[in-house]
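Got your viewer open? Here is a short tour, one selection at a time.

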Amino acid sequence: MQPGTWFLLAVQLTALHGSSALPQTLKSIKVQTNHTAPMTCEIHTSLSNTRIYWLRWRQAFSRDSHYEFLVSWDPKKGTAYNTEVTKEKVAVLPDTTKITFSVMNVKPEDSGVYFCMTVGNPELTFREGVELSVVDILPTTAQPTRKTVLKKKACRFPSPATQKGRPCGPIVLSLLVAIFLILLLSLGVAIHLYCMRRRARLRFMKQ
């Protein structure tokens, strides 16, 4: 019997033994097409004595769904892939307390319920499942439309109490008086010269 076939048979027998073997909680994620979907499996025991299996349900999550073995990780043998799964499609990265499983370049057919199962000595435990939905466009939260209110600006005249410095009224008045006197003097000079020229002309004509 092939190792994968034996493993799936063991999972089916464990699931029939009691509902505690099934994942009790699901976390939903949405990933855009052609992107990477990372999933984490938390480990509460030593990795040196634990084997990790990643499985998937393609159908709706229920007790009648079928398991699909994807990849496994063994501390001594390393990573083993299903015959239909390639290294370019999935990646497994072990850490001290968790295993990160990533599905790369996801397509709509990669949607389903993913979960990891840890096999210790001798317990078998199903961890938290992840419901992956592959979409072309990620949903965005619509922002409420805001109305722009134009504020009317009121014309404000300067208050005498807020003005600083000396008042400019007397200075302006003095400048106006000086200009008026200069213009008046210039007019008087022009009239005087005109009269002198006229008298000189009359004298010249009488001679």
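Start with the whole protein chain. Of its 207 residues, 26% count as buried. What you see is a predicted model, so keep an eye on confidence as you go: the average pLDDT is 76, and 69% of the residues score at least 70. Select residues 12-21 to find a stretch where the pLDDT is below 50. Beyond near neighbours in sequence, that stretch has ten contacts in the model.

Now switch to a cartoon view. You should find two helices and ten strands, and the order along the sequence is α-β-β-β-β-β-β-β-β-β-β-α. Turn on the contacts as well: among those between residues at least 6 apart in sequence, 58% join residues at least 24 apart. If you prefer a surface view, the accessible surface comes to about 16,300 Å², with 60% of that belonging to carbon and sulfur atoms.

**Stop 1: the disulfide**

Which cysteines does the disulfide join? Pick Cys41 and Cys116, whose sulfur atoms sit 1.8 Å apart. A search of the whole structure finds one disulfide. Cys41 is in strand 2 (residues 37-42) and Cys116 in strand 8 (residues 112-119), so the bond ties together parts that are 75 residues apart in sequence. Look along the S-S bond: its torsion is about 70°, so this disulfide is right-handed. Cys41 is buried, at 1% relative accessible area, and Cys116 is buried at 1% too. While you have cysteines on screen, click Cys195: at 33% relative accessibility it counts as partly exposed.

**Stop 2: a salt-bridge network**

Next, select Arg56, Glu68, Lys89 and Asp110, which salt bridges with shared partners join into one network. How many salt bridges are there to look for? The count comes to three.

- Arg56 to Glu68: the side chains meet at 3.1 Å, N to O. Arg56 lies in strand 3 (residues 51-57) and Glu68 in strand 4 (residues 68-74), so this pair ties together parts twelve residues apart in sequence. Arg56 is buried at 6% relative accessible area, and Glu68 counts as buried at 18%.
- Arg56 to Asp110: the closest N and O atoms are 3.9 Å apart. This pair links distant parts of the chain, 54 residues apart, with Asp110 in the loop between strand 7 and strand 8. Asp110 counts as buried at 7% relative accessibility.
- Lys89 to Asp110: here the N to O distance is 2.7 Å. Lys89 is in the loop between strand 5 (78-81) and strand 6 (90-94), so the pair ties together parts 21 residues apart in sequence. Lys89 counts as partly exposed, at 22% relative accessibility.

**Stop 3: two asparagines**

Most residues other than glycine have a negative phi. Try Asn34, where phi is near 75°, a positive value. You will find Asn34 in the loop between strand 1 (26-32) and strand 2, partly exposed at 45% relative accessibility. Then go to Asn105, with a positive phi of about 50°. Asn105 is in the loop between strand 7 (98-103) and strand 8, and counts as partly exposed at 39%.

**Stop 4: a nonpolar patch**

To finish, show the surface and select Leu173, Val177, Phe180, Leu181, Leu184, Leu187 and Ile191. These residues form a nonpolar patch with about 690 Å² of accessible area together. Is Leu173 buried or exposed? At 53% relative accessibility, Leu173 counts as exposed. Leu173 lies in helix 2 (residues 169-206).

Notes:
Residues are numbered from 1 along each chain as its sequence is written. This is a predicted model: local features need pLDDT of at least 70, side-chain atom pairs count only at pLDDT 80 or more; totals for chains, interfaces and linings use all residues. Side-chain values use heavy atoms; hydrogens and water are left out. Helices (H or I, at least four residues) and strands (E, at least two) are DSSP runs, numbered from the N terminus. Buried means under 20% relative accessible area, exposed over 50%, partly exposed in between (1.4 Å probe, protein chains only). Contact means heavy atoms within 4.5 Å. Accessible areas come from the Shrake-Rupley method with a 1.4 Å probe; for residues, only the protein chains shown count as cover. pLDDT is the predictor's confidence in each residue, from 0 to 100. Patches are made of residues with over 30% relative accessible area and no salt bridge: like charges are joined within 9 Å, nonpolar side chains (Val, Leu, Ile, Met, Phe, Trp, Tyr) within 5 Å. A salt bridge is a side-chain nitrogen of Lys or Arg within 4 Å of a carboxyl oxygen of Asp or Glu. A disulfide is a pair of cysteine sulfur atoms within 2.5 Å.
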